[in-house]
Amino acid sequence: MMVVASATQQWRWPMVQPTGGRIGELASLAWPTTSGLAGTAGNATPCQPSSLGSSLSGAAPFFLSGRCGLLLGASLLLPLAGSRRRAGRRSLIPRPVSTVEVESAATQVGVAHEAQGRPAHWVIRTTDLQRSLDFLTEVFGMHVLRHEEMDVGCKISCNGNFKNPWSKTMVGYRREDQGYCLELTYTYGVDKYSLGSGLAYIAVGVEDVDMVLEKAASLGYTVEGDSIMGPEGYKFRVVPQPAGRTERFQYVALKVRGWPRAEEFYKGALGMADLTVDSPLSAVENDVGLVRVLGYGGDEEVPLVVLEDPKSPFFKLQTWEGRNALAIPSRALNDAYRRVVEAKPGGSRVLHKLQRDPLITDKNMSMFWKSSGSPPDLEIAILVAPEGFEVCIVSSETFDLSVAAAYNPEVEIDWAWREQRSRDVLARMAEKKANAPRK
């Protein structure tokens, strides 16, 4: 969205992301593209980036980040409250908002950020978004936090190494700046993922374990002990919700061959602490090696439980493993990145270099941010842990603000539009294959 300023008030307009915009790719914040976008109120006409820019340029300036290719305005600071939007479509109906409102929203979600880092979400893959959403909503009671469609593959491989159009759907229990969630990536034209052996399971707390297990079994999902096999082969462990804890996600369990190398990376580079001694999660079963609990020590955080398996005859990570996303303060992020570049602790490496993209290019709003003590740039880098797990580190000051603004629980996914897009992508893939030169 963007703010169109006048002498007496500001008007908030929905923001359109031109194809190829990078801010969504950089921090899982991508705004819906113009594909299938409906235009002005009362008339469902296509609205392209160029026409939107020209239509607004006479009334008020808008700001274009040359690096992102994204229209930016001060109302990026505001939650998208009060608008019920179909994914990929929205009506351009402005409502007045005051300058005070802009600053108030920024203060609430961006300025008073925590000094420590936190696990933000885990990226998982899906070849059937509707089935995956049915599983998470019906079995665990999660809900969609936002959904976005992208015209081209993510430049920092959020959806894997695919160039096809893709979508991402954030799913969880609370707004992303307040709690943990899952990011479901769907790549058009991809109908299968090879399962890896590194991501063990995701633990979710519930009030009645037996009831959830029985419900999952009744819906046709495989239940083994306290674990449910969801779509795409992901395992979810069902555990009792701890008294007094708001966060429903409990931990993510990973398998590694050797603890020492993992320790070098997660503790030495990312600044995590070994919470094993004081954590009840140290009792997680692992018959073949050590169990370590890693995190930043937040009361509501979702830590990593590292399961060592030094004698594993087969250990291979796949695109299926997804990506671990951590929101950490800018200074800590830059320190972690520098350590990986210079020392490669545990054999870690950089997958995508540290990038900085301005969220606010307006001079006045940038001055407001600087005075508040928060950096105006979104910083992100993609690292590879010693065992091959991908780790996204993003600046918490700007990430938390942005995902709060992007929160859209009322989004309506246009399944018919997605079905048509799937057919179009498959047709183009078939045509390209038919026209490819024969070897």
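**Notebook: the eight-stranded sheet**

I started at one residue pair: arginine 118 sits opposite alanine 327 in β18. Worth keeping in mind that I'm looking at a predicted model.

Next I looked up the strands around that pair. β6 covers residues 118-125 and β18 covers residues 323-328. I find them paired in the antiparallel sense, over five bridges. Reminder to self: strands of a sheet pair through backbone hydrogen bonds, either parallel or antiparallel.

Then I followed the sheet outwards. What is the strand order? I read β7-β8-β9-β6-β18-β21-β20-β19, an open sheet of eight strands with mixed pairing. β7 (143-150) and β19 (349-358) are at the edges, and each has a single partner strand, so one side of each has no neighbour in the sheet. I also checked the twist: on average, neighbouring strands here are turned by 20 degrees against each other, direction ignored.

Which strands does helix α9 lie across? I traced α9 (residues 396-406) over β6, β7, β18, β20 (377-384) and β21 (390-395). Against β21 the helix runs at about 90 degrees. So β6 and β18, the pair I began with, are both among the strands under my α9 entry.

Last, I zoomed out to the whole chain. I get 10 helices and 21 strands. Of the 439 residues, 56% count as buried. For contacts with a separation of 6 or more, 73% come from residues 24 or more positions apart. The accessible surface of the chain is about 19,100 Å², and carbon and sulfur atoms hold 52% of that.

How values were computed: Residues numbered from 1 in each chain as written. Predicted model: local features only at pLDDT ≥ 70, side-chain atom pairs only at ≥ 80, totals over all residues. Heavy atoms only, no water. Pairing = 2+ DSSP bridges. Helix = DSSP H or I, 4+ residues; strand = E, 2+ residues; numbered from the N terminus. Axes fitted to C-alpha atoms, helices over the stretch in contact; angles between N-to-C directions. Contact = heavy atoms within 4.5 Å. Buried < 20%, exposed > 50% of the residue type's maximum accessible area, 1.4 Å probe, protein only. Areas by Shrake-Rupley, 256 points an atom, 1.4 Å probe, with all protein chains shown as cover.
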